[in-house]
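Biologist: I should like to go through this structure with you and ask what stands behind each term you use. May we begin once the structure is in view?

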Amino acid sequence: MTRSLSLVLHQGLSRWRQLISDDAIRVTWTLVPGTTDVQRTQIDVLRRFGSLQVKVDSHVLDASSSDSRSHDLDGLKLKRGIDLTFQVSVCNTNFCSAPTPSEASARVACEGGFFLIVENEASTGCSACQPGHYRSLEDPETSCVKCSPGRYQDDTAGGTCKNCPVNTFADATGSSACKAAPAGHKPNAERTGVDKCPAGFFSLGGSDTCTPCQNAGEYAEPGSGYCEKCSTGEYYNETAKACSLCPKNTYTLSGTIGIDGCTPCQNAGEYAKPGSGYCEK
């Protein structure tokens with residue numbers, strides 16, 4: 001957005017303007033009627049240090065440039081974020097006006113990834129946003145913005161944040177790095193946190209997916225980092241969330257899932273104690 005300032009000058013200049021954009025300051029002036037034969041125009045750029053004003057740059061325009069009544073100061077050649085004032089003088093063959101100062105300051109905006117430093121109500125420069133933060137040109141200039149959950153910024157001077165890559169998440173604002181999902185969990189769809197692996201699934205960690213238990217008789221509680229198996233003569237009791245003994249006259253050679261996995265003794269005269277791995281006679 002371009003901003004316009006109108007300032008009254010004297011001694012040869014009736015008024016001038018500063019048009020301020022992100023990368024340039026345009027100084028436009030009007031000569032007092034009767035001023036003729038302008039040979040040279042000088043624009044001084046001043047910066048305040050405490051009670052002192054120090055000239056940091058100067059632009060001298062020849063007669064042909066002076067006739068244009070305007071001059072663009074290249075923002076790339078001015079230090080960004082510094083409150084600057086200006087003074088203009090014109091000379092003809094016989095006379096030079098005294099330098100006439102502006103009554104207001106102007107500055108070149110900070111680039112994306114940088115924020116404006118303000119000290120004692122004066123802009124003194126731009127500083128880089130730190131990791132975990134960013135600033136785009138659409139954001140307020142006086143501060144950086146924390147990355148939102150699910151995003152991160154690992155560099156300084158970031159103009160935006162990055163999405164967490166696969167197998168990772170960021171559950172806090174202002175993250176400079178994403179974290180690997182812990183064992184028994186996987187990142188949620190937004191990568192703003194983690195979800196537990198469901199029952200019967202496990203994860204060693206650092207993965208976007210949970211893996212189902214593969215071997216017969218194995219089980220996994222929600223949020224497990226590995227699969228388990230009940231011992232001989234036991235079955236996994238879903239209600240108790242633990243291994244239970246197969247009832248009498250049933251058996252299992254290896255752990256099983258559910259009481260239906262305990263096999264009844266088949267032959268006449270056979271029996272089995274609770275928790276047996278075989279039938280006896």
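Biologist: Which residue in β26 is the bridge partner of Tyr-236?

Modeller: The bridge partner of Tyr-236 in β26 is Ile-257. Please note that the model is predicted.

Biologist: What makes β23 and β26 a pair of strands?

Modeller: Two strands pair if there are at least two bridges between them. β23 and β26 have 2 bridges, in the parallel sense, so the requirement of at least two is met.

Biologist: How do you know that β23 and β24 pair?

Modeller: Strand β23 covers residues 234-237 and strand β24 covers residues 242-245, with 4 bridges between them in the antiparallel sense. At least two bridges are required, so β23 and β24 count as paired. In one of these bridges, Glu-234 has Leu-245 of β24 as its partner. The two strands form a hairpin with 4 residues between them. Lys-241, in the turn, has a positive phi of about 55°.

Biologist: Why is the pairing of the open sheet called mixed?

Modeller: The open sheet has 3 strands in the order β24-β23-β26. β23 pairs with β24 in the antiparallel sense and with β26 in the parallel sense; hence the pairing is mixed.

Biologist: What makes β24 and β26 the edge strands?

Modeller: Each of them, β24 and β26 (256-257), pairs on one side only.

Biologist: Let us turn to the cysteines. How many disulfides does a search of the whole structure find?

Modeller: The search finds 9 disulfides.

Biologist: How do you know that Cys-110 and Cys-126 form a disulfide?

Modeller: A disulfide requires sulfur atoms within 2.5 Å. The distance from S to S for Cys-110 and Cys-126 is 2.1 Å, so the pair qualifies.

Biologist: Why is the disulfide of Cys-110 and Cys-126 called left-handed?

Modeller: Its torsion about the S-S bond is about -90°, and therefore the disulfide is left-handed. Cys-110 lies in the loop between β8 (100-101) and β9 (114-119), while Cys-126 lies in strand β10 (residues 122-128), so the link ties together parts that are 16 residues apart in sequence.

Biologist: Are Cys-110 and Cys-126 buried or exposed?

Modeller: Buried means under 20% relative accessible area. Cys-110 has 2% relative accessibility, so Cys-110 counts as buried. Cys-126 has 23%, so Cys-126 counts as partly exposed.

Biologist: How do you know that Cys-147 and Cys-161 form a disulfide?

Modeller: Their sulfur atoms are 2.0 Å apart, and the limit is 2.5 Å, so Cys-147 and Cys-161 form a disulfide. This link, with -85° about the S-S bond, is left-handed. The pair connects distant parts of the chain, 14 residues apart: Cys-147 is in the loop between β12 (145-146) and β13 (151-152), and Cys-161 is in the loop between β13 and β14 (162-163).

Biologist: Why are Cys-147 and Cys-161 called buried?

Modeller: Values under 20% count as buried. Cys-147 has 0% relative accessibility and is therefore buried; Cys-161 has 4% and is buried as well.

Biologist: Why is Gly-174 called partly exposed?

Modeller: The term applies between 20% and 50%. Gly-174 has a relative accessible area of 24%, so Gly-174 is partly exposed. Gly-174 is placed in the loop between β15 and β16.

Biologist: Which residues does Gly-174 touch, not counting residues up to four places away in sequence?

Modeller: Gly-174 touches Gly-132, Lys-146 and Cys-147.

Methods: Residues numbered from 1 in each chain as written. Predicted model: local features only at pLDDT ≥ 70, side-chain atom pairs only at ≥ 80, totals over all residues. Heavy atoms only, no water. Buried < 20%, exposed > 50% of the residue type's maximum accessible area, 1.4 Å probe, protein only. Contact = heavy atoms within 4.5 Å.
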